[in-house]
Amino acid sequence: MTHAMLKGSNVPLDATAVRAVLRWTPGAGVPDVDASALLVGPDGRVRSDEDFVFYNQPRHPSGLVRHLPKAQVAEGLTETIEADLAPLEPSVERVVLAASSDGGTFGLVADLRIMLYDAAADGGDPLAVFDVVPDTGDETALICGELYRRADSWKFRALGQGYASGLTGLANEFGISVEEENGSEAAASAATPSAEPVAAPAAAPEVSTAPPTPPAAPASATTPPPSAWPEQTAAPSAGPDPDAVTQHMPDPAAEPSAMPPQPPTAPPPPAGGYGYPQNVPPPPPQPPAQPTYGYGYPGPPPQQPVYPQQPPPSAYGYPQPPQQQPAPTYGYPTQHQPFIPDPSFVLPPQGPQFQRR
């Protein structure tokens with residue numbers, strides 16, 4: 001029968017030899033977990049450093065407590081502590097089962113569980129199972145449980161007590177002195193020079209301030225070699241050519257009158273605005289706007305061409321009577337007359353909203 005343990009609970013053990021299996025689920029970012037055991041006396045401390053069984057000291061001198069390496073199972077990774085409880089010395093009152101994390105805290109470890117089996121039985125169900133849950137998640141060392149004496153029998157208690165100081169703090173808690181390398185001594189030993197002689201550095205060559213003389217081109221070369229820099233495309237001259245004719249150019253500062261007069265330069269044309277061409281001719285003049293007339297007012301009379309009127313020939317020597325001008329069309333006067341208001345016109349009575357105040 002398997003007992004599901006809670007924190008602080010205990011269960012009696014009928015087996016004289018047990019196998020404590022610590023199991024967890026590995027993954028990316030999950031720290032490595034190591035199991036360990038401490039043989040503790042009645043005062044709560046180990047008798048010597050040999051009572052600390054872990055990966056660097058996997059076997060107790062008596063051979064009764066052993067640390068087994070990691071194993072891959074279907075549910076995850078495991079580490080195992082085996083203990084023969086019956087033949088242990090009476091000075092050993094407890095066997096503390098602990099775990100430490102390397103590379104992170106136990107808050108990053110998932111499915112941490114300790115399972116207690118009967119070491120004499122091959123396979124079978126575990127005697128007790130305890131899911132170890134850290135209190136804060138910042139712990140780097142945990143006491144998963146302990147095997148302790150009660151008269152002539154042994155019991156298992158589920159604890160789950162954590163430490164933030166790692167395996168070193170856990171060992172110091174039970175009286176084990178862990179020697180750590182002094183950082184200052186290590187730095188001093190690293191800075192100590194070795195016994196091998198060190199050759200003295202050679203004297204630095206003198207640096208000349210004069211510009212370096214370019215090497216002369218070979219006689220067979222007719223064109224300078226190509227260069228990656230534009231300034232070096234022309235081959236350096238080896239010196240003045242004695243057969244070349246030098247033309248004297250007057251100095252404008254020393255002989256201002258010797259320089260030929262320069263024609264005046266025309267000012268640049270004004271630049272047009274962005275997106276507009278330059279020298280755009282002005283727009284043509286527009287004819288004057290015709291006056292507009294309000295609704296209901298007649299416009300100007302149409303312009304009629306004027307032709308010279310010739311009197312018709314008279315009949316029998318009598319002149320023709322003058323012709324009458326045609327009457328104007330209704331509503332359209334023959335000639336636009338200026339508007340003259342009627343002085344006797346009076347507006348009808350108005351409401352208070354139209355009266356002046």
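## A first look at Lys-70

Which side chain meets that of Lys-70 in a salt bridge with 2.8 Å from N to O, and links up with it from another strand? One partner is Asp-34, whose side chain meets Lys-70 in a salt bridge at that 2.8 Å spacing, N to O. The two sit in distant parts of the chain, 36 residues apart: Lys-70 belongs to strand S6, while Asp-34 belongs to strand S4, residues 32-40. Keep in mind as you look around that this is a predicted model.

How open are these two residues? Lys-70 has a relative accessibility of 33%, so it counts as partly exposed. Asp-34 comes in at 10%, and that makes it buried, because buried means under 20%.

## The sheet around strand S6

Now step back to the sheet. Six strands make up an open sheet, and going across it you meet them in the order S1-S10-S9-S3-S7-S6. The pairing is mixed. At the edges are strand S1 (3-4) and strand S6 (65-73), each of which pairs on one side only.

For S6, there's a pairing with strand S7, residues 76-84, which runs in the antiparallel sense over seven bridges. Getting from S6 to S7 takes a hairpin of two residues. If you'd like to trace the pairing by eye, try Leu-68, whose bridge partner in S7 is Thr-80. You can also look for Val-65, which stands opposite Ala-83 in S7.

As a rule of thumb for reading strands, side chains in a regular strand alternate between the two faces of the sheet.

## Salt bridges between S6 and S7

Backbone pairing isn't the whole story here. Arg-66 forms a salt bridge with Glu-82, and their closest N and O atoms are 3.2 Å apart. Arg-66 is in strand S6 and Glu-82 is in strand S7, so this pair ties together parts that lie 16 residues apart in sequence. Arg-66 has a relative accessible area of 18%, so it falls in the buried class, which means under 20%.

Lys-70 turns up again too: its side chain meets that of Glu-79 in a salt bridge, 2.8 Å from N to O. Glu-79 is buried, with just 3% relative accessible area.

## One shared network

Which residues end up in one network with Lys-70? Through salt bridges that share partners, Asp-32, Asp-34, Lys-70 and Glu-79 are joined together. Across the model, the count of salt bridges comes to 11.

Definitions and conventions. Residues are numbered from 1 along each chain as its sequence is written. This is a predicted model: local features need pLDDT of at least 70, side-chain atom pairs count only at pLDDT 80 or more; totals for chains, interfaces and linings use all residues. Side-chain values use heavy atoms; hydrogens and water are left out. Two strands pair if DSSP finds at least two bridges between them. Helices (H or I, at least four residues) and strands (E, at least two) are DSSP runs, numbered from the N terminus. A salt bridge is a side-chain nitrogen of Lys or Arg within 4 Å of a carboxyl oxygen of Asp or Glu. Buried means under 20% relative accessible area, exposed over 50%, partly exposed in between (1.4 Å probe, protein chains only).
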